[in-house]
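Colleague: Please give me a close look at one loop of this model, and then carry the account outward from there into its surroundings. I would like one connected description, with the reasoning spelled out wherever a cut-off matters.

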Amino acid sequence: NQLRFSNQLQVDFSLEGVISFRRIMPLLLITFVENAFKYGELHQADNPLQIHLAVDSLKMTFFVKNKKRKGPKEDSTGIGLENIKKRLILGYPDKHTLVIRDEDEFYTTELTVVL
């Protein structure tokens, strides 16, 4: 996406902990990131897309927050998030929490998975 937008996107990415020996379900996190790029306003330096991944010996936490884009919105079926919710129930029953906050200006997702 940086290449598509001439490196003009504002992204704050951070990684905390050692991830090299941790395994999770494939493609579990991509929907959150794709949605942020698709629906977020990512050109403001004071409101960058925030992507934070933290891993410790017990859990993994993945946090994504973006400012909502003003103006016309792309149509959304919501199928991506619904699929993730179903996959989490199947793959991590009683071992995950997913908090989605759809506020006026910002959209935030926070996923915690017990490893």
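Modeller: Leu27 is placed in the loop between β1 and α1, and since the coordinates belong to a predicted model, what follows describes that prediction. The backbone at Leu27 has a positive phi of about 60°, although Leu27 is not a glycine. Leu27 has a relative accessibility of 64%, and because exposed means over 50%, Leu27 counts as exposed.

A second residue with such a backbone angle is Asp94, where phi is positive at about 60° and the residue is again not a glycine. Asp94 belongs to the loop between α2 and β5, and with a relative accessibility of 83% it is likewise counted as exposed.

From these two loops one can move to the elements that border them, beginning with strand β1, which covers residues 11-16 and includes Leu15. Leu15 has a relative accessible area of 43%, which makes it partly exposed. Together with Val11, Phe13 and Ile19, Leu15 makes a nonpolar surface patch of about 340 Å². Patch members need over 30% relative accessible area, so Leu15, at 43%, clears that cut-off.

On the far side of the Asp94 loop, strand β5 contains Thr97, a residue that is partly exposed at 46% relative accessible area. Thr97 can be set against Ile24: the two are 73 residues apart in sequence, and their C-alpha atoms are 15 Å apart in space.

Strand β5 also brings in the charged pairs. Side chains of opposite charge can pair when their charged atoms come close. The model holds four salt bridges by the cut-off used here, including the three described below.

Asp102 and Lys68 meet through their side chains in a salt bridge with an N to O distance of 2.3 Å. Asp102 lies in strand β5 (residues 96-102) and Lys68 in strand β4 (residues 59-68), so this pair ties together parts that are 34 residues apart in sequence. The two partners fall into separate accessibility classes: Asp102 counts as exposed at 55%, whereas Lys68 is partly exposed with a relative accessible area of 22%.

Another salt bridge joins Lys59 and Asp56, whose closest N and O atoms are 3.2 Å apart. Lys59 is partly exposed, at 34% relative accessible area, and Asp56 is partly exposed with a value of 34%.

Helix α2, which leads into the Asp94 loop, carries a pair of its own, in which Lys85 forms a salt bridge with Glu82 and the closest N and O atoms are 3.6 Å apart. Lys85 and Glu82 are three residues apart in helix α2 (residues 79-91), which means that about one helical turn separates them. Lys85 is partly exposed at 33%, and Glu82 is partly exposed at 38%.

Helices α1 and α2, each of which adjoins one of the two loops, also take part in the largest pocket, to whose lining α1 (30-39), β4, α2 and β6 (106-114) each supply at least two residues. Space of about 420 Å³ lies in this pocket. The lining consists of 22 residues, and those nearest the pocket centre are Asn35, Tyr39, Ser76, Leu81 and Tyr107. Helix α1, which follows the Leu27 loop, gives the largest share of that lining, six residues. Sorted by class, the pocket lining comprises seven nonpolar, eight polar and seven charged residues.

Tyr39, one of the residues nearest the pocket centre, appears again around the largest cavity, which is lined by Lys38, Tyr39, Arg69, Pro72, Lys73 and Glu74. The model contains one cavity of 30 Å³ or more, and the volume of the largest cavity is about 30 Å³. Four of the residues lining that cavity are charged and two are nonpolar, with no polar residue among them.

To return to the starting point, the loop between β1 and α1 holds Leu27, whose positive phi of about 60° is set in a residue that is not a glycine and that counts as exposed.

Terms used. Residues are numbered from 1 along each chain as its sequence is written. This is a predicted model: local features need pLDDT of at least 70, side-chain atom pairs count only at pLDDT 80 or more; totals for chains, interfaces and linings use all residues. Side-chain values use heavy atoms; hydrogens and water are left out. Buried means under 20% relative accessible area, exposed over 50%, partly exposed in between (1.4 Å probe, protein chains only). Helices (H or I, at least four residues) and strands (E, at least two) are DSSP runs, numbered from the N terminus. On a 1 Å grid over the protein atoms alone, a cavity is a set of points where a 1.4 Å probe fits but cannot get out, and a pocket is an open set with protein on both sides within 12 Å along at least five of seven lines; lining residues have an atom within 4 Å of a point. Grid points are joined across faces, edges and corners, and a volume is the space filled by probe spheres set on the points. Ala, Val, Leu, Ile, Met, Phe, Trp, Tyr, Cys and Pro count as nonpolar, Asp, Glu, Lys and Arg as charged, and the others, Gly among them, as polar. Patches are made of residues with over 30% relative accessible area and no salt bridge: like charges are joined within 9 Å, nonpolar side chains (Val, Leu, Ile, Met, Phe, Trp, Tyr) within 5 Å. Accessible areas come from the Shrake-Rupley method with a 1.4 Å probe; for residues, only the protein chains shown count as cover.
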